Amino acid sequence: MDLQDKVVLVTGGARGLGAAFARGIVAAGGRVVIGDLLDDEGAAVADELGAAARYVHLDVTSEESWEAAVAASVDAFGRLDGLVNNAGISATGQLTADEPTDVFRRIIEINLIAVHTGLRAVVPAMRTAGGGSIVNISSAAGLMGMAMTSGYGAAKWGVRGLSKIAAVELGRDRIRVNSVHPGMVLTPMTAPTGIVADEGAFPNNPYQRVGRPEELVGAVVHLLSDAASYTTGAELAVDGGWTAGPSVEYIAGR
């Protein structure tokens, strides 16, 4: 997969999935702008990646911050070809009836409204570039009903739907929009749940383990690349088969 000369903005790029995406983009020949609120960590990733990377402070809930990040991307590399809408916050682990409205609203703001804000912010630059690719990171929780993910799940279903709507609307501009749906992946965001990456530790998943950030990179880089030039409005689960169904061992109770 070749991203030669492509410039991609990655939100939440300071660590976890976002940092893995940034590294994968540069490894594929692209240039990356890492947007995050974690300035020290984000700058460290950019320094690690060298001349092909830049860091920009980005509050995804702020239209002004988005505008500045897009301008910084174009100033640094001359164009903007891709966006990975990755920034987000996790579920509360509360039942729907117990999740406070203000918490629900905050999760929707960061995990869904910010995706819409970012999509709007990058479209003018992508039109100028003659097209582009937007990859919105949703979740397995956006493909099935998952208990105790009320705000999170609702937002991720929204990201899935928004991606399809935007794909229809932006097709004439040759701007592709797709959603990627990770399963449980071991990152700094999910680590507090107590998950571990050991084989057999996630028995209801056909792979029977959680994923690693680097295992999502290929899917995202493919969708950013010209190899996916006719792929838009699609949803791609990268979840070890979790949304396909539970493992044989789990069903059999072994």
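Select Leu223. Leaving aside neighbours within four places in sequence, Leu223 is in contact (heavy atoms within 4.5 Å) with Ser133, Val135, Arg176, Asn178, Val180, Ala228 and Thr231. Leu223 sits in helix H6; helices (H or I, at least four residues) and strands (E, at least two) are DSSP runs, numbered from the N terminus. At 4% relative accessibility, Leu223 counts as buried, which means under 20% relative accessible area, with exposed over 50% and partly exposed in between (1.4 Å probe, protein chains only).

The model is predicted: local features need pLDDT of at least 70, side-chain atom pairs count only at pLDDT 80 or more, and totals for chains, interfaces and linings use all residues. Residues are numbered from 1 along each chain as its sequence is written, and side-chain values use heavy atoms, with hydrogens and water left out.

**Across to Ser133**

Now add Ser133, in strand S5. Its C-alpha atom is 7.2 Å from that of Leu223, although the two residues are 90 apart along the chain. Ser133 is buried, at 1% relative accessible area. Not counting residues up to four places away in sequence, Ser133 touches Asp81, Gly82, Leu83, Met126, Arg176, Leu223 and Leu224.

**The rest of H6**

Select residues 214–224, helix H6. Which residues of H6 are buried? They are Leu216, Val217, Ala219, Val220, Val221, Leu223 and Leu224. Their cover includes strand S1 (7–11), H1, strand S4 (82–85), S5, S6 and strand S7 (235–238).

**Two positive phi angles**

Step back to Gln208, in the loop between S6 and H6. Its phi is near 60°, a positive value in a residue other than glycine. Gln208 is partly exposed, at 21% relative accessible area.

Next, pick Met148, in the loop between S5 and H5. Met148 is not a glycine, yet has a positive phi of about 65°. With 42% relative accessible area, Met148 is partly exposed.

**Helix against helix**

Show H3 (residues 63–77) and H4 (residues 101–129). Their axes come within 9 Å and cross at roughly 35°. Axes are lines fitted to C-alpha atoms, for helices over the stretch in contact, and angles run from 0 to 180 degrees between N-to-C directions. The crossing is right-handed: the near helix is turned clockwise from the far one by less than a right angle.

On the H3 side, choose Glu63, Trp66, Val70 and Val74; they meet Ala114, Thr117, Gly118, Arg120, Ala121, Val122 and Ala125 in H4. The contact divides into seven nonpolar, two polar and two charged residues. Ala, Val, Leu, Ile, Met, Phe, Trp, Tyr, Cys and Pro count as nonpolar, Asp, Glu, Lys and Arg as charged, and the others, Gly among them, as polar.

**Pockets**

A pocket is an open set of points on a 1 Å grid over the protein atoms alone, where a 1.4 Å probe fits, with protein on both sides within 12 Å along at least five of seven lines; lining residues have an atom within 4 Å of a point.

Centre on Gly88, Ile89, Ser90, Tyr152 and Met189, which lie nearest the centre of the largest pocket among its 46 lining residues. H1 (16–27), S2 (31–36), H4 and H5 (150–170) each supply at least two residues of that lining. By class, the lining has 22 nonpolar, 19 polar and five charged residues.

Finish at the second largest pocket, lined by 16 residues. Gly132, Arg174, Ile175, Arg176 and Ser229 lie nearest its centre. Strands S5 (132–137) and S6 (175–182) give two or more residues to this lining. Its classes are three nonpolar, eight polar and five charged.
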